[in-house]
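Me: I've got a chain open on my screen and I'd like to know what backs up the labels people put on it. Can you take my questions one at a time?

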Amino acid sequence: MYDAVVIGAGVAGCAVARELSRYKGSFLVVERALDVCEGTSKANSAIIHAGFDAEPGTMKARMNVKGNKMMDKLSEEMDIPFKRIGALVVCLSEDGLPRLRELYDRGIENGVGGLSLLSGDEARVLEPNLTDEVCGALLAETSGIVCPFELTLGLGESAAKNGVEFRFDTKVTGLKREGGCWTAATDKGDLLARTVVNAAGVYAGELHNMACESKLRITPRKGEYCLLDRTAGGHVSHTVFQLPGKLGKGVLVSPTVHGNLLVGPTAADVEDPETAATTAEGLREVAEKSAWAVKNVPMRQVITSFMGLRAHEDGDDFILGESAEGFFDAAGIESPGLTSAPAIGEYLARLIAEKLGLPVNDSFDPIRKGVPKVADMPTEERAELIRRDPRYGSIICRCEEVSEGEILDAVHGVLGAKTLDGVKRRTRAGMGRCQAGFCSPRVMEILSRELSLDLTDIRKSGKDSQIVLGRTRKEGE
C-alpha cells in the first residue's frame, strides 16, 4: 500500500510528487500517457505570471504569487532555463484605462511587487514595436518565461531521484474507499493508497466525481498558438499581453527562453478532452489579434503551430485540498497553473504529510541535473566532453545542434525518453526550423537501438501515435 498515489504526471502532479519526496513514505505517480508532460502542461504560453490578474483571496492569487517567488531557487536546483523578462499588459483604448488601474490595484492587494502604470509613449520606449493604438500599459517586472517541458521534467525527475515511483501507460478507471484506504482501479490492476491526489488535468472532474459527493465540472478550453523562428525572437523583449477578457488573457506576443517568438492563444470551450488539431480559423485569429498590440509580427517566420487545452472549472478557481476523506484535489489548474505548480505541490504535500504523520526525509536532495546542452557550452568544456565521449560531437539535430550523446542521456536518464516527443522535450531535437525533417529518422534509429524496439514500434508521443514508415519499391512495382 502506498501512502499517496498521485494521478497525473503533468506539472501539478510532478510538483506534488517532488514535495512529497521531502517526507518519508511510499509514493506513486500514475499516468495514462507514456511520459510526463503529455497533457495540458505540454502546450501553453510558458509564462511565469506576476499575479496581478487573479481575484484577491482566491487560490489562484495565493498560489500564483507564491509560485512566482519560488521560481529563481527552483530553476537553479533543477537546472532549467528561467528568465524574468517582465510583462506589459497593454490597453488599446482610453475606455480600458480604468480596467488597467484595476489590475494594478489587484496586483498590489495580491502582494505583487514591481508594478507600474505607463503611458502609451512610455510603453513604446520599452517596446518600440507596440502599435500606435496602445494608449497605456501595466508593467509587471516580476513576470518571466520558462520552458514548460523542462520544468515538468525537472519536477518529475527530482521526485523519482528522491524515491517516488512512476507508472506510465496506466489509466485510472475507478476510485473506491473502503477499510480506511482508497482502491484505485486501473487498466493494469488495482492500487491501494492511504491518500489519493487528483492532478488529472482536463480529466480531474471525472476523478473528483468518482470520489466525492459534491460534483465538479471541468471544461476543456482550447487555445491555438504559432511559434516563430529564432530570427523573430527579438521582436519584443517583454511578454506583451492585451487587457484580459472573459475567456482569459487574450493573444500574447512573447519571447521564449530558447530565443523563439510565441504568439497566441485563442480561447474556445470544447467538449472533447482529446481535441488536438489546430484550425485555419484559429491561426488566422492569432495573427489578426496579435497585430492589435504589436506591429509587424513576422508571421512568415512561423515554424510550427500547436494547440493546448486548459482545464477550466466552473467556479473559475483552483480546487485544492481534501475534498473527501483522504482524497486531495489539484483540479481546475488552468492559467496561471504553470506558475502556481511549485506552490500547489508544497501546499498539498504538507496537508498529506500532516494528515498521515509523515516524518521529514533528511536525505532529500533538491539538486537535479538535466541533459547537458552541448551547443551552449564554452568551447573548452565542449571539447573536453567530446574528448571523453565522441558521441557528444556527433550532431543529430542540425537546427538545434543536438548531439547523439545528449539523446542517449535523454533515453537512459531518470524517467528516460521512450518516444520522439520524449527525446524532443528533453533535448530540443526536432524543435528547430526544419521541425524534425532531418533528424527524426536518426532519432528513431537511436530509440530502436537503445530500447531494443523495431522501428515500427517507435511512437511520436502516445501509444496510438504510430509513425508511418515508407518502404523501398520493389523492382517491377
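Me: What makes helix α10 "mostly covered"?

Reply: Keep in mind that this is a predicted model. Helix α10 takes up residues 404-412, and 7 of its 9 residues are buried. Buried means under 20% relative accessible area. The residues that pass are E404, G405, E406, I407, L408, A410 and V411.

Me: And what covers the buried residues of α10?

Reply: The cover includes two strands, β21 (395-397) and β22 (402-403), plus two helices, α11 (420-427) and α12 (440-451).

Me: Why is helix α1 called largely enclosed?

Reply: Every one of the residues 11-20 makes the cut: 10 of the 10 are buried, so the rest of the structure largely encloses α1. The buried set includes charged side chains' owners R18 and E19, along with V11, A12, G13, C14, A15, V16, A17 and L20.

Me: How do you know whether K60 is buried or exposed?

Reply: K60 has 9% relative accessibility, and the cut-off for buried is under 20%, so K60 counts as buried. K60 sits in helix α2, which covers residues 59-78.

Me: Which residues does K60 touch, leaving out those up to four places away in sequence?

Reply: K60 touches A54, D316, D317, F318, E334, S335, P336 and S340. Two of those, S335 and P336, come up again below.

Me: What makes the peptide bond from S335 to P336 cis?

Reply: Look at omega, which is near 10° for this bond. P336 belongs to the loop between β20 (327-331) and α8 (337-356). There is also a cis bond joining G264 and P265, where omega is about 0°. P265 is likewise in a loop, the one between β16 (261-264) and β17 (268-269). Why point these out? Because most peptide bonds are trans.

Me: What is unusual enough about N296 and R428 to flag their phi values?

Reply: Most residues other than glycine have a negative phi. N296 isn't a glycine, yet its phi is positive at about 60°. R428 isn't a glycine either, and has a positive phi of about 75°.

Me: Is each of those two buried or exposed?

Reply: N296 has a relative accessible area of 61%; exposed means over 50%, so N296 is exposed. R428 has 9%, which is under the 20% limit, so R428 is buried. As for where they are, N296 lies in the loop between α7 (280-293) and β18 (302-313), while R428 lies in the loop between α11 and α12.

Me: What about G430, and why is it called buried?

Reply: G430 has a relative accessible area of 5%. Set against the limit of under 20%, that makes G430 buried. G430 lies in the loop between α11 and α12. Leaving aside neighbours within four places in sequence, G430 is in contact with C397, K424, Q435, A436 and C439.

Me: What makes β3 and β4 edge strands?

Reply: The sheet is open, with 3 strands in the order β3-β8-β4 and antiparallel pairing. β3 (47-48) and β4 (82-83) each have a single partner strand, so one side of each is left without a neighbour in the sheet.

Me: How do you know that β4 really pairs with β8?

Reply: Pairing takes at least two bridges, and 2 bridges join β4 to β8 (residues 144-146), with the strands antiparallel. For one bridge you can look up, F82 is partnered with V146 in β8.

Me: Zooming out, why is the chain called as compact as a globular protein of its length?

Reply: The chain has 12 helices and 22 strands. Its radius of gyration is 23 Å, and the globule rule gives 23 Å for 477 residues, so the chain is as compact as a globular protein of that length. The C-alpha trace spans about 65 × 60 × 50 Å along its principal axes.

Me: How much of the chain is buried, and how much area does it expose?

Reply: Buried residues make up 57% of the 477. The chain exposes about 20,400 Å², with carbon and sulfur atoms supplying 49% of that area.

How values were computed. Residues numbered from 1 in each chain as written. Predicted model: local features only at pLDDT ≥ 70, side-chain atom pairs only at ≥ 80, totals over all residues. Heavy atoms only, no water. Helix = DSSP H or I, 4+ residues; strand = E, 2+ residues; numbered from the N terminus. Buried < 20%, exposed > 50% of the residue type's maximum accessible area, 1.4 Å probe, protein only. Contact = heavy atoms within 4.5 Å. Rg over C-alpha atoms; globule rule 2.2 N^0.38 Å. Areas by Shrake-Rupley, 256 points an atom, 1.4 Å probe, with all protein chains shown as cover.
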